[in-house]
Amino acid sequence: MAAAQRMPLTPFVDVLPLPERLLARDHNGRLTVRIRTGSHSFHRDLPRSRVWGYDGTLPGPTIEAERGHPVRVEWRNELDGGPPVIVTMAGDEVDADGVPVQCSPGLSGGTPDPHAAALTGHSVVHLHGGLTPAVYDGWTENLFAPGQLAVFDYPMDQRATLLWYHDHVMGVTRFDVYAGLAGLWIIRDQRERDLGLPEGPPYEVPLLLQDRNFGLDEGGRLTGQLVHKTDPGVMEAFAPFTVVNGKVWPILDVQPATYRFRVLNGSNARTFRLVLLRDGVPEFDRITQIGTDSGLLREPVALPSDGLVLASAERADLLVDFSDLQPGTELTLYNTAGAPFDGAPFPAADAADAADLDALLPYPQVMRFRVVPGPVAHRPVPRELATDFALPKPEELDAAPRRAIALVEREFEDVPNMLTMRELAVVDDEDETTGPLITLTDGDHTTRYRAVAAHFEDTATFFPMLGQYEIWQLINLTDDTHPIHIHLDPFQVLARRPIGWEIPDDGIGDLDLSARITLGRDPDDELDHVIDANERGLKDTVRVNPHEIVEIAVRFHAYSGRYMYHCHILEHEDRDMMRPFVTMPPELMPFMA
Ligand SMILES: [Cu+2]
């Protein structure tokens with residue numbers, strides 16, 4: 001482990017900003033959001049940054065809606081003046097001192113990517129986690145240019161939860177979101193009100209976690225210029241500065257009360273594993289998780305012993321009890337997840353020492369809480385939360401179509417690697433055609449598959465029928481964790497199953513794939529492959545760790561049309577870990593060719 005670096009900005013001096021709230025009911029459910037170039041302060045000691053933001057702000061306004069009350073948003077694209085992000089790939093993975101270039105600000109010898117610099121601000125907005133008709137879901141190729149607009153209707157016929165809206169432009173989502181195009185969206189419903197959970201300020205606080213990097217001037221001083229930097233060995237941008245609600249390492253004053261934090265990892269690629277320390281000791285007992293991506297869990301759960309893991313786009317609804325603490329008490333939130341994240345554990349007690357340059361985590365600090373005088377307001381945690389969902393019944397799963405998807409990294413010599421999702425079709429035992437096959441062996445039973453789609457533009461092969469459960473198997477044949485997100489309906493995680501696998505030399509072609517997969521733990525595999533208690537809710541994004549198959553049960557129910565599923569590491573999604581699927585009304589199935 002390389003030594004920690006001096007922090008180039010003073011931590012815990014900027015107050016945590018709270019995004020502006022845009023309450024749909026105050027506008028009769030009709031909102032206008034302008035997508036604009038803005039000026040933003042990431043830290044008191046940084047020059048202001050040019051950003052792209054919803055209403056010109058970073059994050060955008062938090063839209064709050066009521067279940068059952070539709071919201072119409074006019075998204076007006078008013079971007080101008082070229083992209084606010086310099087995109088570069090450094091020449092080497094490490095600098096002259098051996099420090100990984102992604103741990104440092106500046107371009108590290110890289111030249112600005114002229115293609116990225118030439119972008120003019122086409123946009124398309126996706127409401128992540130929204131049960132949205134296909135025409136309003138933000139299809140990645142349906143762009144609107146500066147000067148154009150899109151009017152999207154969101155039915156809001158779904159359970160209360162924290163969603164987020166962000167840009168989804170084909171091939172450049174990573175730059176547009178990095179430029180600032182992300183905001184939170186909260187849906188509320190009566191069930192949450194019945195539970196008496198904090199709603200609105202001061203006791204409900206959204207926390208949008210991201211990482212950002214900045215430029216350097218000739219004197220080596222930080223500028224506010226946003227820099228998206230990769231290197232020849234790491235295709236994802238892992239930026240050194242953790243930003244919460246748009247501020248680097250902020251501080252929040254809290255009263256001695258129970259707070260509700262709505263946490264989203266909105267980073268391009270970085271996974272967070274959050275640990276709260278007081279005087280260097282983890283404080284797990286004061287944190288209870290009550291919700292996940294798609295709302296309330298059935299019952300409150302404690303955090304995993306290593307900390308709360310959130311990969312890109314995952315959310316957590318947390319109750320944190322500060323009510324026993326004296327004014328002046330400080331608690332600091334740390335991140336212990338190395339990058340690229342592969343699920344490897346890290347003891348929570350060592351969180352303050354989690355800095356690890358080789359793991360592209362130069363500064364584990366996230367933010368600080370400082371207790372200030374105020375009325376003591378302890379709030380008991382309800383023992384029963386959601387009552388509106390259960391695991392699918394065995395007979396529903398017996399009848400469920402099964403779909404298999406292999407996550408594959410294709411390596412190249414001169415250009416960054418391609419990550420693809422290979423959709424697999426079963427090859428019948430009688431089928432004697434030869435060619436590259438994927439075999440999946442479970443004890444003495446082997447299933448043979450052939451890859452039938454790899455790229456976003458390949459023909460759709462998934463046509464789920466509305467109302468029917470499906471089981472999707474996500475098979476990770478790479479060395480990193482991929483957060484896989486499915487648009488439209490949420491899903492439940494059924495299993496994490498350890499696997500071993502072998503891919504022969506030249507086994508990964510443009511479409512073809514040869515692989516031997518065996519269910520069972522690989523001897524070198526140190527991961528647990530358990531479903532955490534906080535994953536036993538309704539999810540829309542699931543981590544698929546190395547050496548495992550994740551099985552999920554999903555049932556699309558309301559809207560037919562063309563949707564997407566993809567890895568939510570934006571550098572993967574853009575290149576090329578995204579695929580379409582088409583939900584179908586049952587009565588149309590007989591007419592499918
Ligand atoms: Cu990925």
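# A copper site, two sheets and the spaces between

Along the chain, the donors of the copper ion follow the spacing H-x84-C-x4-H. The model is a predicted one, and the copper site is a convenient place to start reading it. The protein donors are His482 through ND1, Cys567 through SG and His572 through ND1, lying 2.1 Å from the copper ion. Histidine 482 belongs to strand E31 (residues 482–486) and cysteine 567 to strand E36 (residues 561–567), so that this pair, 85 residues apart, links distant parts of the chain.

Are these two donors buried or exposed? A residue counts as buried when its relative accessible area is under 20%. Histidine 482 has a relative accessibility of 1% and therefore counts as buried. Cysteine 567 is buried as well, with a relative accessible area of 0%.

The next feature is a barrel. Eight strands close into it in the order E26-E27-E29-E28-E33-E32-E35-E30, and their pairing is mixed. From one strand to the next, the twist averages 35°. The two ends of that written order meet: strand E26 (residues 402–410) and strand E30 (residues 469–476) run parallel and are joined by six bridges. One position to look for is alanine 404, which stands opposite glutamine 473 in E30.

Strand E28 (residues 438–442) shows both senses of pairing. With strand E29 (residues 445–453), E28 runs antiparallel, and five bridges join the two. Threonine 439 has arginine 448 in E29 as its bridge partner. E28 and E29 form a hairpin with two residues between them, and glycine 443 in the turn has a positive phi of about 65°. With strand E33 (residues 515–519), E28 runs parallel, and four bridges join them. Here threonine 441 has threonine 518 in E33 as its bridge partner. When following side chains along such strands, it helps to know that in a regular strand the side chains alternate between the two faces of the sheet.

A sheet of three strands can be set beside the barrel. This sheet is open, has the order E6-E13-E12 and shows mixed pairing. Why is one side of E6 and of E12 left without a neighbour in the sheet? Strand E6 (85–89) and strand E12 (214–216) stand at the edges and each has a single partner strand, so one side of each has no neighbour there. Neighbouring strands of this sheet are turned by 55° against each other on average, direction ignored. E6 pairs with strand E13 (residues 222–230) in the parallel sense, over five bridges. Within that pairing, isoleucine 86 has valine 227 in E13 as its bridge partner.

The remaining topic is empty space. Rolling a probe the size of a water molecule over the atoms shows where empty space is left. The largest pocket holds about 1100 Å³ of space. It is lined by 44 residues, and those closest to its centre are Met235, Glu409, Val415, Pro416 and Asn417. Strands and helices already met or new contribute here: E6, helix H1 (114–117), helix H2 (173–178), E13 and E26 each supply at least two residues of the lining. E6 gives the most, with three residues. By class, the lining of the largest pocket has 19 nonpolar, nine polar and 16 charged residues.

The second largest pocket has a volume of about 500 Å³. Among the 24 residues that line the second largest pocket, Arg159, Asp489, Pro490, Leu538 and His557 are the closest to its centre. Strand E32 (491–502) and strand E35 (548–555) each supply at least two residues of this lining. The lining of the second largest pocket divides into eleven nonpolar, five polar and eight charged residues.

Cavities are counted separately from pockets. The structure holds five cavities of 30 Å³ or more, and the largest cavity has a volume of about 150 Å³. Which residues lie nearest the centre of the largest cavity? They are Leu276, Ile287, Leu318, Val320 and Leu333, out of 16 residues in its lining. Strand E17 (258–265), strand E18 (272–278) and strand E23 (315–321) are the elements that give two or more residues to this lining. The largest share, three residues, comes from E18. The lining of the largest cavity divides into 15 nonpolar residues, no polar ones and one charged.

Methods: Residues are numbered from 1 along each chain as its sequence is written. This is a predicted model: local features need pLDDT of at least 70, side-chain atom pairs count only at pLDDT 80 or more; totals for chains, interfaces and linings use all residues. Side-chain values use heavy atoms; hydrogens and water are left out. On a 1 Å grid over the protein atoms alone, a cavity is a set of points where a 1.4 Å probe fits but cannot get out, and a pocket is an open set with protein on both sides within 12 Å along at least five of seven lines; lining residues have an atom within 4 Å of a point. Grid points are joined across faces, edges and corners, and a volume is the space filled by probe spheres set on the points. Ala, Val, Leu, Ile, Met, Phe, Trp, Tyr, Cys and Pro count as nonpolar, Asp, Glu, Lys and Arg as charged, and the others, Gly among them, as polar. Two strands pair if DSSP finds at least two bridges between them. Axes are lines fitted to C-alpha atoms, for helices over the stretch in contact, and angles run from 0 to 180 degrees between N-to-C directions. Donors are N, O and S atoms within 2.8 Å of the metal (3.2 Å for Na, K and Ca); water is not among the atoms, so sites may look incomplete. Buried means under 20% relative accessible area, exposed over 50%, partly exposed in between (1.4 Å probe, protein chains only).
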